[in-house]
Structure formats: structure tokens, C-alpha cells
Amino acid sequence: MTESFDPSTPVAFLGLGAMGSRMAQRLIGAGFQVTVYSRTADRAEPLREAGASVARTPREAAENARVVIAMVTDDAASRAVWLDPDTGALAALGDGDVAIDASTLTPDWARQLAQSTAEVGARLLDAPVVGTRPQADAGQLIFLVGGEADTYRRATPVLEVMGQHRHAGPPGHGMAIKLAANAYFALQVAGLSEALGLAVKSGLDLSAAAQILGGLPTTSPALGGVIAQIEAGSYAPLFPVDLVAKDLDYVVTTGTRVDAPTPLSRATLECFKSIGGQGYGHENISAVARLFIT
């Protein structure tokens, strides 16, 4: 059985957005040898100052790495960092190496990428995360992992630096359960927003309605922060509207492919597309309340 990785393991991190930069910082802080890549060069500078090496391409970042982690926006960006014929990271991997894609992608693409990874002798874990920026800072993300059990075991010491982890099953299953989780949360937020709108337009004060609904056992703990944002009218981005819409689109697409009805996700997608189209796509998921409370 192949040994697990430890902090002496060279790691590459591809994608230094709001989440990726924080996750890479956790790995650096734990003593891993980290090489980073970002399409936006300025984002790499704080990590260089923290001790990371900076690569010009994904392939260069992966050259000497045993574990390569990607945290990018969507299927297209994932395909580019892994499989671009000139700069893709996958060409630098070989026997015993592990690719981890922590982005939120479609299960179909995750399975295709797993097959391509196996063809070069490496193994893929599709490992999207539950949590946002505060959890990434604190190393409290939850990875939902698809892939071979032995590969998952080997990568556990790397994942644990950044958070907890759950093994969902074979390739593609991490992405499938992540889309389910995101759909479930988005439906709750849209439903809460509609309910608050009904209460306010029936004459209740927003603060009173928020406090009452927030204190009921039917309101999940995850909605507590959402209610506070809606009450304050403050929508600083943690899970931006545009990304919610992208994930819901993946939910609907995947549902069609596997013959799973998604009428609620379709309706919720239209809500997020609408508020995004009004110029609020950069705001937090809670900004969908703008459709109902005016």
C-alpha cells in the first residue's frame, strides 16, 4: 500500500481566488512545500512572501509536485488548468501522483478528468468544499470527496490541514453530493427571502419578521447569518450570486442527464439569474432577497 503524504510532500496549488489563496496559505503554514499558480499574477505575491514558489503556468507548478490541487470557477477553467495542450498540469503528473480538484464542477466532467488522470498513471480526487472564506481561513472547510479509497487515504494529511473530509464514493460522487448540498442551501435562502417578503408586504417590520422567523425551529442554523444580512441590507460576498447561479445550472443539467426531476432548483435558478442580471451578481447569496423585499 502506498504511503500517505506528509508536510515534506511538494504540493502545487492552481487558482488563487478568494478560496484558493486561503487554502494555499493553510498549506504553507503547515510546512508543505507549496508552488502556486494564478492567472492573475498579483494574487500570488502574498503567498510568495509567505514562502511559496510561484509558477508561470499550471504545468510548471506541477513539475515537481506529488499533489496538485485546483480551485477554479467552473468546468471550463478546470479543463484549462489540467488539460490545456501547452500549459495543462496533467502532463506533468505520473505514477503515484494525486490530482485534487476542489472546485464545484459537474460530475460528468469529474469522471472524465479522473479517466484522463489515470491514463498518465496518477489518480484524481474530486473534492469540492462546503464552507466559505472564514472556514477557509480557519482550516474548517469540509471536503466532499469522490475517488478511490486508497487515494483518499493517502491525501488525508493534505486535506486535514484545510478542514474535515467525507468520502462520498467513486469519481464524480464528490461533485454530485456538493451540487445537492448547494441546491438545498440555495432553495432555503430563496424560500426564506420569499417568506420575509410576504411578511413585510403584509405589514410586518423587517426586523420583527426576521427575529421571529430566525427564532423558529423550522429555520436551519445555516440561515441565521443569512437572516442577519437581509435584516441589515448588507450583502458582502461569501458565496456570490453568480456562483450560486452557475452551481444551480449544473444541478439542472445533471438532473436532466440522470433523469432526476429538479423543478425547485429550476425555479430557484431563475431567481438568482434575475438578481444577477440586475447587477448584483457579485453580492452574497442572501442578495436574492432583493427580489422580494423592496
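**View 1. The whole chain, with its 12 helices and nine strands.** Helices (H or I, at least four residues) and strands (E, at least two) are DSSP runs, numbered from the N terminus. What you're looking at is a predicted model, where local features need pLDDT of at least 70, side-chain atom pairs count only at pLDDT 80 or more, and totals for chains, interfaces and linings use all residues. Residues are numbered from 1 along each chain as its sequence is written, and side-chain values use heavy atoms, with hydrogens and water left out. The C-alpha atoms fit a box of roughly 65 × 45 × 35 Å along the principal axes. Of the 294 residues, 49% are buried, which means under 20% relative accessible area, with exposed over 50% and partly exposed in between (1.4 Å probe, protein chains only).

**View 2. Lys 178, a charged residue tucked into helix H8 (residues 173-201).** Lys and Arg count as positive and Asp and Glu as negative, while His and the chain ends are not counted. Lys 178 is buried but has no salt bridge, a term for a side-chain nitrogen of Lys or Arg within 4 Å of a carboxyl oxygen of Asp or Glu. Asp 247 is the nearest side chain of opposite charge, and it sits 5.1 Å away. So who does touch Lys 178, if we skip neighbours within four places in sequence? Thr 104, Pro 128, Val 129, Val 130 and Leu 144 do, contact being heavy atoms within 4.5 Å.

**View 3. Gly 169, found in strand S9 (residues 163-169).** Is this glycine buried or exposed? Gly 169 counts as buried because its relative accessibility is 14%. Apart from neighbours within four places in sequence, Gly 169 is in contact with Val 145, Gly 146 and Gly 147. Leu 213 is 44 residues from Gly 169 along the chain, and their C-alpha atoms are 37 Å apart.

**View 4. Ser 234, in the loop between helix H10 (223-232) and helix H11 (241-258).** Ser 234 has 39% relative accessibility, so it counts as partly exposed. Pick out Gly 51 as well: Ser 234 and Gly 51 are 183 residues apart in sequence, and 35 Å lie between their C-alpha atoms.
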